[in-house]
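Student: Could we go through this structure together, asking each time how a label is earned?
Tutor: Gladly, here it is.
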Amino acid sequence: MGAPASPLFDHSGDGGVLIHELNCVACHEGKVNAFLPPVGAPNLSEAGSRLTPNWIRAFLINPEKVSPGSSHPVLLGGLSPSEAKVRAEALAQYLSMLKSTRVPEESLRGNAETGQQLFDQVGCVACHGQAAGMNLQAKYSNTQGLADLLENPRRLNLHGRMPSLGLNAQEALDVASALVKGGPPRLPDNPKNDRPGVYYQTYAGDWDRLPDFDKLKPFKKGVVDNLSPTIAGLEDYFGVRHSGFLLIDKSGEYEFSTNSDDGSRFYVGEQLVVNNDGVHGGVTKKGTISLASGKHAFTLLFFDKEGGEHNHVRWSGPGFSEKALEGDILTQSPDEHPGIRPSKKNRFIAEFDKVKLGKQLFSELNCAACHAVEPNGKLHRPEGILGPPPALVEMKEALGRGCLSSTPIDIAPHFRLTLNQTKDIAVALGKSPAKLKPAEVLNHALVAYQCYACHKRSGIGGPTDEGDSYFLTTQQAMGPEGRLPPHLSGVGAKLKSNWLKEVIAKGTKVRPYMMTRMPSYGPELAARLTESFIEVDKPKETSTLVTKLSRREALKKGRELIGSKGMACVSCHTFAGIPSLGVQGMDLTVMSKRLRFDWLSRYLLDPTSLRPGTRMPSFWPQGKSTKPDVLDGDTSKQIAAIHQYLSLGEKAPIPSGLARSGMQLSVDEEARLYRNFIDGAGSRAIGVGYPGEVNLAWDANHLRPALFWHGPFMDASRHWSGRGQGFQAPDGFNRLTLPDGPPFANLNDPLAPWPKLDARAVGFRFGGYLLDKQRRPTFRYSFGDLKVEDFFKERRHGDDEDFALDRIVTIKGKVSDDLFFRIGVDSSPQQLSENIFKLGDLIVHLSLPRGTKVLTRVEQRDLLVPVPSDAKKFVIKQTFEW
Amino acid sequence: MSKVFKTLAAISFSTLVTFGQNATPTEEDYYKLIKIPIPEGIVLEAGGLEVMPNKKLAVSTRRGDVYMVENAFEDTGDNAKFTLWAEGLHEVLGLSFADGWLYATQRPEVTRIKDLDGDGRADLFETVSDAWEISGDYHEYAFGSKFDKEGNMWVVLCLTGSFSSKVPYRGWCVRVSKDGKMIPTASGIRSPGGIGLNALGEAFYCDNQGPWNGTSALKHLTPGSFQGHPGGFGWYDLDATKKALGDKPAVPVSGSRFHKEMERLPKYRPPAILIPHGKLGNSASGIACDESGGKFGPFKEQLFVSDQTHSVVNRCFLEKVNGFYQGACFPFRKGFGSGNVPLMQCPDGSLYSGGTDRGWGARGGSRHALDRVVWTGKTPFEILEMRIRPKGFELEFTKPVDRKSATNLSSYTMKTYTYIFQSKYGSPEVDHTTPTIKSATLAKDGKTVTLEVEGLQIGHVHDLQSSGVRSKEESHPLLHPGAYYTLWHLPKS
């Protein structure tokens, strides 16, 4: 794989692109090339948290040597080597002072092994080559600084070429650990006047965690020969701090552990190595640190609340296995002990004069034209000691001089350009940036952002033979489709523009089986690239409407075709996260938000024409459906139905044949009940599935039917897997939500609004239900002296296969005055005939006792039935279609 | 520490020497575990158990089914026949038969169920009481007991999650009468695993390790008591509660110890028995009292307490000191098929245990199980009772003991510890002490040993290992040498 192809050199022959890529306009007044993605340099406000001073110095003297392929100019090339060294040192000192204010999560520790795996798998390797070959210890002063960069590369370099691979804080730290490999070993403190033993201080107090001993007064202090807490002479409520120096013979990784009752912490210098804090019995905690040979300051903190008390400190290192930390290797010298903070050698000691000079040079060398030094800081066009640089149009005369000289001159930036490149630039100087063709703009971006490292487009790019083996999958059976990023030929005609934007901006992933991650490039580039893709690939807009399918029919037939008895798409595609029956291919519920209808149609008709080598079979060979019994075998209607059905996304009812772990509740000859948390019907919901795929959910909190729907009844997998968290929505389609509120109300004023009160709070009491022979429930409840029965039954209607619901509400007992039953609500109720009403999508057939009149209240937008106060038994019959 | 290890090593060595020839007795020699085969297609994530008048075993499930099991009391489970009797209920965690009805505690209500037409399937489901709320959190479980002597069912209502109570009576115990009255009874419930009555008809429940529960525990429910978790204190403000129970207690101090808060807060009732986390279990659940009159062996009127995670049943001996229950728990039987939840003693004296490991893994290994424990008629060598004395403990064994081993101080080791009473989740064992056993005296009856102990700790578990004690006749070691006594009160005499 090797070093990435630099866009700089790919564009030799085009001086305009070079001027753009070298960001000449940062210093020289000129027109920005709006056709190309902006370029920029990193914000250096956190340089000192990340970069080692040595690396900065070496980079400034020779960028190409330290970072091959870098387009950073040589800034000190015109000076004598000794002068350049002095200035590089000053700049390194200044930049090292610029630190991040971010507080890292203390609990995270990087795992280099995991990090190496991530590096290989998620896609870093596609551009950077194998991690093993990267020597970053010299560049990065610590893993956290690098991890901060990896977690969000664009935070410090908005226009940088490095995208985010969506690493979370832990993953970023893992990768950083793999790249930096623990960093340089800690340097020893080497005290001059240390003597045998360990210094101790003892404290009294009642704590649940280690206190800040610095803020407390020790009741005893002195020198002791071991690290035991018994020195305090107390059994409960005390703390001990031991401090001293530890002699390290051999540089390397050392592991320390404490087994303490209660809490303890062990530090080397400022670094917390073992954190065993808190109230507990004999618990062991471990930690490792890389130490250079010599004497290192250490601090051991301990406290005991009640009960037993002990603290066993052990260690292991190069050449010896775990043993107690004790003996002659421990010395003490309280005056020289730095405490829990970096000691001199481990601190970067800034020298004031050099920092001052560095800051001055940063300005004089015009570094600030490209690099800001404050978070979100501004860039400054140079004024410099020689006055502002000439505008680009004036630079024809400058050819061979200043930054266009063939050898570095004085402090002018030197870009290491070839003679031809200088000539190309000369040609372009003074001209407005050339208008590029969409294909050129696109190609430039695909090269600049290394899209070609993973994706092929029109025969260019894609993984190299050597890199191919790093692209892995969890679904071996899918073959190369399962592991290689998709080709981008015609992608502008394939993906909807919003989706394309989202994928480029956020790296949104729809191929869970693919181990490599799509990076995220942010919204600005996403908008640019999407526009270019569309301009070049010219998508066609077609609509499903031409097929004249009713929505209801489309959903029904689409579901049938996707299901196992249709085209059996669910054999190889997951559906709303439900595993497929075979290979776990891309989820069907994301298709509609991704794919343009035109592309989907063409793809379904002939998959391999758009994705050569795909395992997706053709279900309409030569345009003829393999399912002639559905929608009369009409290919365009079938495809439109599939599209409409899939356009419901995750809300689409699950296709037949797909078992959600066998927990879809089937309804056969008898009704079936499901009491649980049903979305839209409350925490005391009672779902009832009736024969004929007609269902309802009755809300026992509000004594009312809450939902009607057609199709499959309920999927119990949410509640019957794991702990069963949350509310489950009904499984089917044509879902109708019925009004909230109590079923009956006393309205003294016929214009009063229907009460919104909680039915239980106003005296409704649920009484349970009685099942009939077909297990259909009659719900029972009371309201004061009123006893109510609420019964539903499926009814086949018309010559269609669809069912309606009959309802019989029976009221017995003493009826109070002005009692009303609510049939339903709608913003504009329509009376279709004497006994038929249309309330939104719901059609209600009413059958009332003789003499009863329905009350339609326009303002209150509801339909009520008055219950006569002299009735001993009152029956309201309804039939619902929707 | 090293001394203890040496002693233990010596003991186990002598055990090997003594029993070199005979196999060491196992639990199975005394209590047979019969695993009832569950037909394919039935998911018996058991939540409640009851024996019907027709000798069928009713098993309710977390999926909302009630199965009737025929031939459940034979020597093997091979003839067990499962019939679906009711379905579509909401996570049934309690069954109780009374007056011709099967009462079922579902998440939202106590329901009574009947098969009116006698076709073998229930058809009438009457709501007895639904006078508590549910917000829709999976944690909001409801466990119901059998009916007590006053005809009330005790229902413990889990909090909304681990910490708080979003709607009324989450985190409370309520009683429900057969005619549907609901009486708010006790606050401080966190996450119950089961509920049961002792021989006197008093209610106990198990709460699980979590906030304000440093370890799982067996707790005694009494009207007006506060059981430790203040998450549901808001419902003291409801009129019905105020009338029944008065003002709310003060909130316990987080980070304190149980016994300190017991002294400070009169309504707070610390757990009758702390069940040491990781040692005897991780998740205490169903409770059954041995009222078989000897059909289940020597442990008359003791409470058997299941553990879901460890798939075991432990045994609890309780005694009343200064009017409060405290006592010891002992391991009893391991090897159940799944995560034990409901436990019931049946009229024939056998114990039935139902298991599920959904959502909370269990050692048993099966997704669900139905197990029966039958006494073989042989008496195991166990500590029958561990009673507190003013200066130590009195151990009564199930059989006469070997004098030499029972009076040898090195036969016993004791340590104590407790847990932090805190709003954070759980607690490590803390405040370890090692009391000194000064003497061990064998009484005339030959099976009671008095241990004189210096350093008894109020509020601590007294973890006694009697590994060196041998029975007189067979010279057997204890089947379970560990005993864990939770001490709250010392008797005066």
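Student: What makes β25-β26-β30-β29 of chain B a sheet?
Tutor: These 4 strands form an open sheet in that order, with antiparallel pairing. A strand here is a DSSP run of E with at least two residues, a helix is a run of H or I with at least four, and both are numbered from the N terminus. Two strands pair if DSSP finds at least two bridges between them. β29(B) and β30(B) (residues 448-454) have 6 bridges, so they meet the rule of at least two. Within this pair, Ala440(B) has Leu451(B) as its bridge partner.

Tutor: Before we go on, please note that this is a predicted model: local features need pLDDT of at least 70, side-chain atom pairs count only at pLDDT 80 or more, and totals for chains, interfaces and linings use all residues. Residues are numbered from 1 along each chain as its sequence is written, while chains are lettered from A and ligands numbered from 1 in the order in which they are written.

Student: Why are β25 and β29 of chain B called edge strands?
Tutor: β25 (383-389) and β29 (436-442) each pair on one side only. Neighbouring strands of this sheet are turned by 20 degrees against each other on average, direction ignored.

Student: Which strands stand at the edges of the sheet β2-β3-β4-β5 in chain B?
Tutor: This open sheet has 4 strands and antiparallel pairing. β2 (46-51) and β5 (81-86) of chain B have a single partner strand each, so one side of each is left without a neighbour in the sheet. The average turn between neighbouring strands is 25 degrees here, direction ignored. β4(B) (residues 66-70) and β5(B) are joined by 5 bridges, and Met68(B) stands opposite Thr83(B).

Student: How do you know that β5 of chain A pairs with β8 and β10 of chain A?
Tutor: Count the bridges again! β5(A) (residues 252-261) has 9 with β8(A) (residues 283-291) and 7 with β10(A) (residues 310-317), both antiparallel. Glu253(A) is matched with Ser290(A) in β8(A), and Ser260(A) with Asn311(A) in β10(A).

Student: Why is α19 of chain A called roughly perpendicular to α23 of chain A?
Tutor: The axes of α19(A) (residues 551-562) and α23(A) (residues 635-646) come within 7 Å and cross at roughly 95 degrees. Axes are lines fitted to C-alpha atoms, for helices over the stretch in contact, and angles run from 0 to 180 degrees between N-to-C directions. Under 35 degrees counts as roughly parallel, over 145 as roughly antiparallel, 65 to 115 as roughly perpendicular and the rest as oblique. That makes α19(A) roughly perpendicular to α23(A).

Student: What makes residues of the two chains count as being in contact?
Tutor: Their C-beta atoms, placed from the backbone, must lie within 7 Å. The contact takes 30 residues from chain A and 30 residues from chain B. On the side of chain A, the elements giving two or more residues are β16 (672-678), β17 (682-690) and β23 (764-771).

Student: How do you know that β23(A) pairs with β9 of chain B?
Tutor: 3 bridges join β23(A) to β9(B) (residues 124-129), so the rule of at least two is met. The two strands run antiparallel, and Gly768(A) stands opposite Glu126(B).
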